[in-house]
Amino acid sequence: MDFIAAAAPYGLVLSPHQHTQFHHYLALLLEWNERFNLTAIREPEQIWRRHFLDSLSCALVTGDLNGRRLIDVGTGAGFPGLPLKIAFPGLKLTLVESTTKKKQFLQAVVNALVLEDVTILAERAETVGQQAEYREQYDIAAARAVADLPVLLEYLLPLCRVGGLVVAQKGESAAAELTRATHALQLLGGEFREMKEVWLPEGTRPHYLIAIQKTQPTPMIYPRRPGQPVRRPL
Ligand code: SAM
């Protein structure tokens, strides 16, 4: 796959330097994955497509991220946050990942690629969302493959500023999850903006980007304490 050409439909023009940074990220991911289980996708071609390119597809709803603040919750090995940071070097990025081992990997990538303006928090989303330093501070709060939408909105909407955007990367269940999330949207101060279908090269099924506008401040009782959003979804 020609990665630079594949990223072009997302409005991205990647330089040779950025392409090299992706190669470096791939090498670190393969190396660390031998010791820690960071991702079940181990085939380089699949990593380019299903991790890097899929992460970059967020640009279809966010547009240019340079100069903006984005928080990626449950980032795992850095998706979608780190590919977006490579593509938009002026992005101010916060990565949230509760697993300490994964934080160490993320820090290693940030150091090796000399990425600036990246904060990595080894904490739970529910804790971060109650800290004044992070609460309602972000232009964009994003996540992929972390939780069902009603749960995910309780993680993401408190972190997003009023007027900002929540972006959830979803699979085939996107429409059904959105239907189930109506009550959560009302309680947390969000309004549905759009759902965009995304096709990756050689993909057999579409993915979806759900974009939610934050229209009202989120009441201080949300997010509830760690574990509550999953146990008792809104
Ligand atoms: N977003 C990455 C991706 O798409 O490859 C990782 C997805 S992985 C299935 C979900 C990640 O979310 C795990 O690494 C897990 O530790 C993290 N996670 C789940 N719930 C979380 C929470 N409440 N706060 C912080 N991280 C969480």
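**Entry 1: Arg 144**

I began with Arg 144, which lies in strand S4, residues 138-144, and I note at the outset that I am working from a predicted model. Is Arg 144 buried or exposed? I find that Arg 144 has 15% relative accessibility, and because the cut-off for buried is under 20%, this arginine counts as buried. Leaving out residues up to four places away in sequence, I listed what Arg 144 touches, and the partners are Arg 50, His 51, Asp 54, Gly 74, Phe 79, Pro 80 and Gln 169. I also looked up the separation from Arg 231, which is 87 residues away in sequence, and the C-alpha to C-alpha distance between Arg 144 and Arg 231 is 20 Å.

**Entry 2: the cis peptide bonds**

Two partners of Arg 144, Phe 79 and Pro 80, took me to the peptide bond that runs from Phe 79 to Pro 80, which is cis with omega near 10 degrees. Pro 80 is found in the loop between strand S1 (69-73) and helix H5 (81-87). I then noted that the peptide bond from Tyr 222 to Pro 223 is cis, with omega near -5 degrees, and that Pro 223 has its place in the loop between strand S7 (207-214) and helix H11 (228-231).

**Entry 3: helix H2 against helix H3**

I turned next to helix H2 (residues 16-33) and helix H3 (residues 44-56), which pack at an angle of about 120 degrees with their axes 11 Å apart. That angle makes H2 oblique to H3, and I recorded the crossing of H2 past H3 as right-handed. Which residues make the contact? From H2 I have His 19, Phe 22, His 23, Tyr 25, Leu 26, Leu 29 and Leu 30, and from H3 I have Pro 44, Ile 47, Trp 48, Phe 52 and Leu 56. Sorted by class, the contact of H2 with H3 holds ten nonpolar residues and two polar ones, with no charged residues.

**Entry 4: helix H2 against helix H6**

I looked up the packing of H2 with H6 as well, and here the angle is about 150 degrees and the axes are 10 Å apart. That makes H2 roughly antiparallel to H6, and the crossing of H2 and H6 is right-handed. On the H2 side I listed His 24, Tyr 25, Leu 28, Leu 29 and Trp 32, which meet Lys 101, Gln 104, Phe 105, Ala 108, Val 109 and Ala 112 in H6. The residues of this contact divide into eight nonpolar, two polar and one charged.

**Entry 5: the nonpolar cores**

In soluble globular proteins, nonpolar side chains tend to be buried together, and with that in mind I looked for the cores. The largest nonpolar core has 50 residues, and those with the most contacts inside it are Tyr 25, Phe 52, Leu 56, Leu 82 and Phe 105. Which element gives the most to this core? I find that H2 does, with six residues. Tyr 25, again without residues up to four places away in sequence, touches Phe 52, Ala 77, Gly 78, Phe 79, Leu 82, Pro 83, Ile 86, Phe 105, Val 109 and Leu 113. Apart from the largest core lies another one, of 33 residues, among them Tyr 138, Leu 153, Leu 157 and Ala 174.

**Entry 6: helix H8**

Leu 153, one of the residues of that other core, led me to helix H8 (residues 149-156), where eight of the eight residues are buried, so the helix is largely enclosed by the rest of the structure. I wrote down the buried residues of H8 as Leu 149, Pro 150, Val 151, Leu 152, Leu 153, Glu 154, Tyr 155 and Leu 156.

**Entry 7: positive phi values, and His 23**

I checked phi outside glycine, and found it positive at Val 114, near 50 degrees, and at Glu 202, near 65 degrees. Val 114 is found in the loop between helix H6 (100-112) and strand S3 (118-121), and with a relative accessible area of 63% Val 114 is exposed. Glu 202 is found in the loop between strand S6 (190-198) and S7, and Glu 202 is exposed, with a relative accessible area of 67%. Last, I returned to His 23 of helix H2, which is partly exposed at a relative accessible area of 41%. The C-alpha atoms of His 23 and Glu 202 are separated by 21 Å, and these residues are 179 residues apart along the chain.

Notes. Residues numbered from 1 in each chain as written. Predicted model: local features only at pLDDT ≥ 70, side-chain atom pairs only at ≥ 80, totals over all residues. Heavy atoms only, no water. Axes fitted to C-alpha atoms, helices over the stretch in contact; angles between N-to-C directions. Helix = DSSP H or I, 4+ residues; strand = E, 2+ residues; numbered from the N terminus. Parallel < 35°, antiparallel > 145°, perpendicular 65-115°, else oblique. Left-handed = near helix turned anticlockwise from the far one by under 90°. Contact = heavy atoms within 4.5 Å. Nonpolar A, V, L, I, M, F, W, Y, C, P; charged D, E, K, R; others polar. Core = buried A, V, L, I, M, F, W, Y, C linked by side-chain atoms within 4.5 Å. Buried < 20%, exposed > 50% of the residue type's maximum accessible area, 1.4 Å probe, protein only.
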